[in-house]
Structure formats: structure tokens, C-alpha cells
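Here are a few exercises to work through with the structure open on your screen. Try each one yourself before reading the solution.

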Amino acid sequence: MTVDIDKTAGGPAGTPPTPPEAIKAIPVRHYGRYVSAVVAIALLAAVVYAFSQGKINWGAIPDYFFDDRVLTGMGKTLLITVLAMLIGVVGGILLAVMRLSKNPVTSSIAWFYIWFFRGTPVLVQLVVWFNLGLVFEYINLGPFYRDEWSDFMTPFLTALLGLGLNEAAYMAEICRAGLLAVDEGQTEAAHALGMSHTKTLRRIVVPQAMRVIVPPTGNEVINMLKTTSLVSVVQYAELFRVAQDIGQTSGAPAEMLFLAAAWYLLLTSVFSVGQYYLERYYARGSSRSLPPTPMQKIRANLFSLSNRSSTTGGAA
Amino acid sequence: MTAMVKAEGVHKSFGAVEVLKGIDLEVKQGEVFCLIGPSGSGKSTFLRCINHLEKINAGRLYVDGELVGYRQKGDKLYELKDSEVALKRRDIGMVFQRFNLFPHMTAVENVMEAPVQVKGMSRGQARDRARALLERVGLADKAGNYPSQLSGGQQQRVAIARALAMDPKLMLFDEPTSALDPELVGDVLDVMRDLAESGMTMVVVTHEMGFAREVGDSLVFMDDGVVVESGNPRDVLTDPQHDRTKAFLSKVL
């Protein structure tokens with residue numbers, strides 16, 4: 001960005017302008033904050049103490065934390081999360097576009113899909129997928145594929161379809177909100193340039209809708225990661241199921257639940273960081289300068305500590 | 001001279017509200033045609049009908065001899081498909097009051113977008129052309145800036161360059177300077193004046209009477225969905241015949 005104003009205070013030539021004397025005042029004391037902090041710490045300590053005195057063998061958790069079975073289970077949890085979200089996002093965008101379409105057939109289909117998949121519990125859907133062999137004894141795709149339903153619908157596929165198709169219904173509503181948030185003038189401008197409906201959506205509307213879509217989608221990813229624990233009911237050996245299995249054989253069932261909880265917390269924390277950077281990417285063009293990344297903030301703070309006199313300018 | 005735009009008894013209603021009540025006019029090739037009138041008079045709506053952003057309810061509207069939005073076979077009218085409408089819009093550039101630049105693209109990407117996506121031009125060629133167009137509107141050094149980093153006047157000039165990138169035979173301007181700070185209006189009008197001198201056919205909805213008088217070849221005063229008065233801008237603006245025109249001009253001049 002070219003700016004005519006010279007921001008570099010104290011250039012090589014000329015005398016450095018003397019900054020006005022900074023205000024020195026006694027800041028407002030927030031005694032309430034000290035009191036509430038003490039109370040909160042005391043309560044936390046009490047809870048920690050209670051748990052430490054409970055009949056829980058804490059030593060078992062680090063023993064199994066990086067157990068091969070746990071790591072494999074975690075890998076499967078991540079795999080299902082990513083794939084189901086992929087189905088969810090792609091399906092969601094498709095459904096949202098269908099829902100907003102002028103074509104009454106496609107919009108009705110989308111409406112019906114969302115009505116059905118949002119209106120029934122995902123746990124029930126999972127079990128139904130698993131047992132759909134009662135309706136379809138065989139799956140028959142002509143010359144390509146033919147198998148019994150129970151062989152075809154493995155725990156993996158059940159988990160994937162059950163979670164993915166359900167997620168698509170929720171993502172559809174998020175995407176619809178995002179598409180509606182884009183100014184109508186954008187569509188008009190694109191149409192006036194001779195762009196087709198599809199191109200307008202793909203090139204102009206969807207990229208701008210992403211700014212609205214990404215934050216709640218990050219929420220959905222974190223939700224999905226936790227919801228994958230439901231697929232333990234269809235015999236898929238993901239993190240929660242593995243933790244339960246180990247718990248039963250090792251005689252430390254409660255400990256393994258804490259272990260699973262710790263892993264889930266760790267994974268959701270990592271996803272939250274990823275979400276921050278994704279939001280930052282889609283914010284480009286919407287504000288004059290992007291918000292700094294945490295690393296940039298830390299660097300800027302260090303810089304300002306070591307060199308107080310010339311902090312402004314530079315990074316802005 | 002053939003007519004670039006020809007309107008015959010154009011009607012347009014939004015629900016029960018009749019916005020255009022039978023517009024007849026003709027825009028000749030190469031002329032700068034100004035539409036003035038109070039807000040709500042239907043001038044912007046009429047402009048939007050020309051490239052089929054709005055559908056007309058009655059009458060006939062022709063651009064370059066072809067019916068807008070329909071195909072006539074015998075005495076039957078067939079609605080055009082979206083793709084056919086899009087094909088016709090390629091030749092008609094439009095500049096909006098609120099610029100409507102694509103905020104997620106830089107200035108040069110805004111100008112490149114349609115040639116690449118609609119005409120299938122190579123990115124390299126489109127980029128060169130876009131840079132040349134930005135230079136023409138005086139913004140060569142702003143090519144890499146996002147719209148949010150540009151002033152209103154600069155954004156509107158990018159929008160003009162974007163429309164020109166499709167090599168239109170007709171340009172529509174919908175109050176291009178109404179959303180601008182007064183001191184930025186001049187830059188945009190200069191670009192439009194330049195464009196007029198190059199022989200572009202332009203239909204301009206405007207409140208800039210000075211521009212209409214200097215650059216305009218024809219002028220129409222619209223009020224309440226009808227054409228009240230039309231003619232040479234210098235005549236109409238200095239010596240209006242109708243009371244309604246007189247009343248309007250006495251307020252804006």
C-alpha cells in the first residue's frame with residue numbers, strides 16, 4: 001500500500017520530532033478481580049483435590065496414553081471426522097444451492113433432505129444404516145458391484161455415511177446463511193458482465209460466503225470430532241471404543257475414559273488453531289489489513305519490549 | 001444511424017406498483033444519452049431493463065436491433081434461456097451506483113475476471129489488457145490493491161475498467177457518481193468524458209447536470225414512470241418546456 005504520509009519518526013535527515021509527554025496517572029484498581037481470581041483458584045484446587053483423593057489410578061493414564069491401540073483409535077477418529085466433514089461440506093454447499101435454486105423440484109428435494117436428516121437423531125440414523133439389510137438384502141450395482149448388505153455396510157462405511165449425510169443437512173443451513181449474506185449487487189455485477197449462474201456462484205458468491213461459513217463450520221468440525229464417539233455403537237474401533245475396550249481388559253475403566261477425554265480435548269484444541277488461520281485467509285479483501293497471527297503478535301510484543309522507541313509503522 | 005436502444009411502450013411493475021408506465025425512446029449509436037429525474041421516477045429501473053436485470057411486463061425493448069430477453073418467431077414470443085441472456089449481456093457494460101466490485105479480488109483481478117471466465121481469454125493476455133485498462137482510467141499503480149483499500153472514486157473507475165474489459169458496444173451508468181464524495185466525482189466524470197469522446201454509446205442515469213450539458217447528446221427527463229420531456233440537453237436544461245421539468249431543475253441546478 002502506498003501512503004504519502006511519512007510515518008518513519010526520526011528519519012536520517014532533520015531533527016526527530018519530540019513526542020508529547022505521555023500521561024502519567026494512577027490506573028483504576030480492580031479489587032473485584034483479585035477477589036474473584038482467588039475464589040476461582042480455591043474452587044479449582046478443591047475440585048482437583050477431590051479427584052486426586054478419589055479411587056482412580058491416575059498412573060494408568062500415562063501408561064496407556066501413547067499405547068498403539070489408542071493411537072490407532074485416534075487415527076480412525078480423525079479419519080472419520082475429516083471424511084464425514086468432507087461429505088458434509090460438499091453436500092451442504094450442494095444442498096444450499098439447491099435450496100436457493102429457482103427450480104422448484106431441486107429446492108423441494110433439498111428441503112425434504114434437510115427436514116429428514118435434521119429431524120432424526122444421528123445415533124438412530126447410524127443404527128438404521130447398519131441394519132438397512134432388513135430392507136435391502138443385496139446391494140446390486142449391475143456389473144460393477146454386488147454383495148450382501150451386511151458385507152457391504154462395514155462399520156467404517158456406516159460411520160462415514162451416518163455422520164456425513166447428517167452433517168450435510170446442518171452444513172446446508174450454514175451454507176445457505178452464508179450465500180444469503182453476500183450482497184445482491186455482487187450477483188448483479190457478475191450477471192451484467194455476462195457470467196453464467198454457475199460461474200457467478202463459484203467465482204463470486206461462494207468465495208465471499210466462505211467468510212460467513214467458515215466460523216460455524218469450525219464449530220461443526222469440533223462437534224463432529226466429538227460426535228464420532230457415537231459410532232462406537234456400530235462396532236467401529238475409534239478412540240472412545242478403544243478406550244472402553246482397554247478399560248475392560250486392563251481393569252481401569254474410569255481411567256481410560258479420562259484418557260479419551262484428554263485426547264479429545266487435545267484434538268479439538270489443535271482444530272481451533274487451524275480454524276483461526278482459515279478464518280484469517282477468507283477475511284482477505286474484507287478489511288484493510290489482516291488481523292495478526294498469534295506468532296506475529298508475540299513477535300510484535302517482543303519487539304516493542306526490546307525497542308520501545310520505534311514500534312509503530314513497520315508492521316502495519 | 002441505427003438505434004442502439006429502442007423502447008416501445010415499456011411497462012414495468014413491482015407487484016402492484018407500476019414503476020414504468022409506457023416508455024418510448026431511442027438511443028442512437030455513438031451517442032451519450034442522459035436520463036434525469038427525481039428519485040423513484042423509474043430511470044434506474046429502465047436502465048436495468050436494458051440488460052434484462054429486470055423483466056419488463058409490456059412493450060418491446062430492443063438493443064442493437066434485437067429483442068431484450070425474448071425471441072420472436074412469427075407472432076409468438078419465446079423467453080430466452082439464462083445462457084442466452086448471459087450471451088447478450090457480454091456486449092452491454094454496466095456501472096453501478098455502489099460500484100459492486102468483487103471485494104475478494106484485487107483491482108486487476110476484478111478487471112480480468114470476465115474476460116477469463118466468460119470469453120475464455122488466457123490469464124496472461126487478460127492481465128495485460130486489464131493493466132492497460134487500469135492505466136486508461138488512471139489507476140495503473142493500484143492494480144494490486146483490494147477494493148477496500150481504494151477510495152470510492154478509484155473503485156468506480158476500476159468498475160468502469162471492468163465493464164470495458166468485455167469490449168461492450170453499449171455502456172449503462174446507474175448514477176455512477178451519486179455515492180461519491182464531491183471531490184472524487186470529477187475523476188470519474190473525466191473517465192466517462194474520455195469514453196464518450198472515443199465514440200462509446202452510453203446511457204447515463206445521473207444527477208450531474210453539468211456532465212449532461214457538456215457531454216450529453218440527448219437528454220430525457222422522467223417523472224413518475226413516464227418521459228416528460230426530451231431533446232438536446234442544452235435546450236432542455238436551459239429552457240425546459242414543462243412545468244414539472246422546470247420545478248425539478250430549479251431544485252437541482
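**Exercise 1. A lysine in chain B**

Is B:K43 buried or exposed? Work that out, then track down what surrounds the residue.

Solution. One thing to keep in mind throughout: this is a predicted model.

- Step 1. Place the residue: B:K43 sits in helix α1 of chain B, which covers residues 43–50.
- Step 2. Check the accessibility. The relative accessible area of B:K43 is 3%, and the cut-off for buried is under 20%, so B:K43 is buried.
- Step 3. Look for polar partners of the side chain. A polar atom of the B:K43 side chain lies 3.2 Å from the backbone oxygen of B:G37, and there is a 3.5 Å distance to the backbone oxygen of B:P38.
- Step 4. List the contacts, skipping neighbours within four places in sequence. B:K43 touches B:L35, B:I36, B:G37, B:P38, B:E175, B:V205, B:H207 and B:M222.

**Exercise 2. A threonine on a strand**

Which backbone atom does the side chain of B:T201 reach? Describe the setting of the residue as well.

Solution.

- Step 1. Find the element: B:T201 belongs to strand β10 of chain B, residues 201–205.
- Step 2. Judge the exposure. B:T201 has 2% relative accessibility and therefore counts as buried.
- Step 3. Follow the side chain, which reaches the backbone nitrogen of B:G30 at 2.8 Å.
- Step 4. Widen the view. Leaving out neighbours within four places in sequence, the contacts of B:T201 include B:V27, B:K28, B:Q29, B:G30 and B:E31, and also B:K169, B:L170 and B:M171. B:M4 is another one of them.

**Exercise 3. Getting your bearings in chain A**

How many helices and strands does chain A have? Sort out their order too.

Solution.

- Step 1. Count the elements: chain A has twelve helices and two strands.
- Step 2. Read them off from the N terminus, which gives α-α-α-α-α-β-β-α-α-α-α-α-α-α.
- Step 3. Look at burial: 32% of the 316 residues of chain A count as buried.
- Step 4. Consider the contacts with a separation of 6 or more. In chain A, 71% of these come from residues 24 or more positions apart.

**Exercise 4. Two partners for one helix**

How do the axes of α3(A) and α4(A) cross, and how do those of α3(A) and α10(A)? Take the pairs one at a time.

Solution. Two packed helices are described by the angle between their axes and the distance between the axes.

- Step 1. Start with α3 (residues 68–100) and α4 (residues 104–119) of chain A, whose axes come within 7 Å and cross at roughly 130°.
- Step 2. Turn the angle into a word: α3(A) and α4(A) are therefore oblique to each other. Their crossing is left-handed.
- Step 3. Find the residues that touch. From α3(A) these are A:L95, A:M98 and A:R99, while α4(A) supplies A:T106, A:S107, A:I109, A:A110, A:W111, A:Y113 and A:I114. Sorted by character, this contact has seven nonpolar, two polar and one charged.
- Step 4. Move on to α10 of chain A, residues 239–250. The axes of α3(A) and α10(A) come within 7 Å and cross at roughly 160°. That makes α3(A) and α10(A) roughly antiparallel to each other.
- Step 5. Pick out the residues here. On α3(A) they are A:R69, A:V70, A:G73, A:M74 and A:T77, and on α10(A) they are A:L239, A:V242, A:I246 and A:T249. The split is five nonpolar, three polar and one charged.

**Exercise 5. Unusual backbone angles**

Where does A:Q235 lie, and where is B:F99? Check phi and the burial of each.

Solution. Most residues other than glycine have a negative phi.

- Step 1. Take A:Q235, which has a positive phi of about 70° although it is not a glycine.
- Step 2. Locate A:Q235 in the loop between α9 (197–227) and α10 of chain A. At 47% relative accessibility, A:Q235 counts as partly exposed.
- Step 3. Now B:F99, with a positive phi near 60°. The residue is in the loop between β8 (92–95) and α3 (107–119) of chain B.
- Step 4. Check burial again: B:F99, at 7% relative accessibility, counts as buried.

Terms used: Residues numbered from 1 in each chain as written. Chains lettered and ligands numbered in written order. Predicted model: local features only at pLDDT ≥ 70, side-chain atom pairs only at ≥ 80, totals over all residues. Heavy atoms only, no water. Axes fitted to C-alpha atoms, helices over the stretch in contact; angles between N-to-C directions. Helix = DSSP H or I, 4+ residues; strand = E, 2+ residues; numbered from the N terminus. Parallel < 35°, antiparallel > 145°, perpendicular 65-115°, else oblique. Left-handed = near helix turned anticlockwise from the far one by under 90°. Contact = heavy atoms within 4.5 Å. Nonpolar A, V, L, I, M, F, W, Y, C, P; charged D, E, K, R; others polar. Buried < 20%, exposed > 50% of the residue type's maximum accessible area, 1.4 Å probe, protein only. Polar contact = N/O pair within 3.5 Å; in protein donor to acceptor, adjacent residues only side chain to side chain.
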